[in-house]
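Here is a short briefing to read alongside the viewer. Take it topic by topic, and keep the 3D view open as you go.

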Amino acid sequence: HTVEQALREGLEQHQFELHFQPKVDAVSLQAMGVEALMRWEHPVLGSVSPGEFIPAAERSGLIRELGALALQQACFAARELPGLSVAVNVSPLQLMEPGFVESVERVLVRTGIGPSLLHLEVTESLMLEDPQAALRRLHALRELGVQVALDDFGTGFSSLSYLRAFPFHTLKIDRSFVRSLTEHADARAIVNTIVRMAGVLGMRTVAEGIETERELAVVRAIRCDEVQGYLVARPMPLARLQDWLAGRP
Ligand code: G
Ligand code: G
Ligand code: MN
Ligand code: NA
């Protein structure tokens, strides 16, 4: 298969690199952590979006290798970013792979970063196939001390039952909600309710995809804990992130 071949070559030739997007406190705008996002720079095709290559990697099984690379690069980056958490997106396939928890443990030991600084972002689709097995995995990860965030919250199905079953550290409110916040009172009511519920359950909230000052003002008013989006900063390579951090008060 051609995509699979290209992915394989890309891995061998180190064409994959993590970029990092800051997450900041909604009120002080102080950097709290970063989300690691994989980038593929193909010599002929140019940059290929993760929306394309992640599904291809999942179909071909190469998500294991790509995921291991992401974890490793993210933990090495965390060493260069004192005090900031680093969040890695983990595909359901990768998370449910035998040995995944052990692989996380190994990379923590090898890099020596504090487990609570590693955050794993999972989506509700994780719970579709075998929710009991998924919950056991999440609990095992929690035991290691890593934090688990529920990504794209609000776009999947029957979210509320999972929230009762598993204590996520963080809920990331999908940018589709954020987009409609400034226009629609019903969207504001939904996000307000999500944030109140998260508070009761002891979970932090992050509003994703903040692009405008108006959106920032609304999520502040609703009292989301953190924000992430182009208004603050785009995903960028580690060196540029370090410059960005150094240039802030
Ligand atoms: O970075 P945007 O950069 O285009 O990412 C698009 C999608 O790809 C998002 O849903 C994001 O979670 C996912 N993604 C980005 N990097 C990774 C990664 O390293 N692993 C997995 N599983 N998904 C990723
Ligand atoms: O599914 P996940 O939340 O991991 O996806 C993160 C994706 O969101 C990445 O593709 C990232 O580049 C993108 N992203 C981050 N901030 C913004 C934003 O402000 N606007 C838009 N449209 N996309 C964003
Ligand atoms: Mn994410
Ligand atoms: Na998201």
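This is a predicted model, and the protein chain averages a pLDDT of 94, with 98% of the residues scoring at least 70. For the complex, the predictor gives an ipTM of 0.97 and a pTM of 0.97. As a general caution, predicted coordinates should not be read in detail where pLDDT is low.

**Overall fold**

- The protein chain holds eleven helices and nine strands.
- A compact globule of 249 residues would have a radius of gyration near 18 Å, and the protein chain agrees with that because its own value is 18 Å.
- Measuring tape in hand, you would find that the C-alpha trace spans about 50 × 45 × 35 Å along its principal axes.
- Of the 249 residues in the protein chain, 38% are buried.
- Among contacts in the protein chain with a separation of 6 or more, 64% join residues 24 or more positions apart.

**The nonpolar core**

- In soluble globular proteins, nonpolar side chains tend to be buried together.
- Here the largest nonpolar core has 66 residues, and Ala74, Val86 and Val219 touch the most other members.
- Helix H3 (residues 63-79) gives the most to this core, with eight residues.
- Val86 makes contacts beyond its sequence neighbours within four places, including Gly33, Val34, Ala36 and Ala74.
- Leu117, Leu118 and His119 are also among the contacts of Val86.

**Strand S5 and the loop before it**

- Leu118 is found in strand S5, and Val122 also has its place in this strand, which covers residues 118-122.
- Leu118 counts as buried because it has 24 C-beta neighbours inside 10 Å.
- Leaving aside residues up to four places away in sequence, Leu118 touches Cys75, Ala78, Val86, Leu108, Ile113 and Val146.
- Leu118 and Leu201 lie 83 residues apart in sequence, and their C-alpha atoms are 21 Å apart in space.
- Val122 counts as buried, so how many C-beta neighbours does it have inside 10 Å? Val122 has 24 of them.
- Val122 is in contact with Val90, Leu95, Val148, Leu150 and Asp151, not counting its neighbours within four places in sequence.
- From Val122 to Arg39 the C-alpha distance is 19 Å, with their positions 83 residues apart in sequence.
- Ser116 sits in the loop between helix H5 (100-111) and S5.
- Ser116 is exposed, since 12 other C-beta atoms lie within 10 Å.
- Apart from neighbours within four places in sequence, Ser116 is in contact with Gly145 and Gln147.
- Ser116 and Val86 are 30 residues apart along the chain, and 9.5 Å separates their C-alpha atoms.

**Around ligand 1**

- The residues surrounding ligand 1 are Leu37, Met38, Ser49, Pro50, Gly51, Ile54, Ala70, Asn89, Val90 and Ser91.
- Strand S2 (31-42) and helix H2 (50-60) are the elements that give two or more residues to this shell.
- H2 supplies the largest share of the shell around ligand 1, three residues.
- How does the shell around ligand 1 divide into nonpolar, polar and charged residues? There are six nonpolar, four polar and no charged residues.

**Around ligand 2**

- Of the 13 residues around ligand 2, those that come nearest are Asn89, Gly209, Glu211, Gly229 and Tyr230.
- The shell around ligand 2 is made up of four nonpolar, four polar and five charged residues.
- Asn89 is listed both around ligand 1 and among the residues that come nearest to ligand 2.

**Backbone angles to look at**

- Most residues other than glycine have a negative phi.
- His14 has a positive phi, near 55°, and is a residue other than glycine.
- His14 is placed in the loop between helix H1 (2-12) and strand S1 (16-25).
- With 9 other C-beta atoms within 10 Å, His14 is exposed.
- Asp152 is not a glycine either, yet has a positive phi of about 55°.
- Asp152 belongs to strand S6 (residues 147-153).
- Is Asp152 exposed, partly exposed or buried? Asp152 is partly exposed, because 18 other C-beta atoms lie within 10 Å.

Technical notes. Residues numbered from 1 in each chain as written. Chains lettered and ligands numbered in written order. Predicted model: local features only at pLDDT ≥ 70, side-chain atom pairs only at ≥ 80, totals over all residues. Near = placed C-beta within 6 Å. Nonpolar A, V, L, I, M, F, W, Y, C, P; charged D, E, K, R; others polar. Helix = DSSP H or I, 4+ residues; strand = E, 2+ residues; numbered from the N terminus. Rg over C-alpha atoms; globule rule 2.2 N^0.38 Å. Buried ≥ 20, exposed ≤ 12 C-beta atoms within 10 Å, placed from the backbone. Contact = placed C-beta atoms within 7 Å. pLDDT = per-residue confidence, 0-100. Core = buried A, V, L, I, M, F, W, Y, C linked by C-beta atoms within 7 Å.
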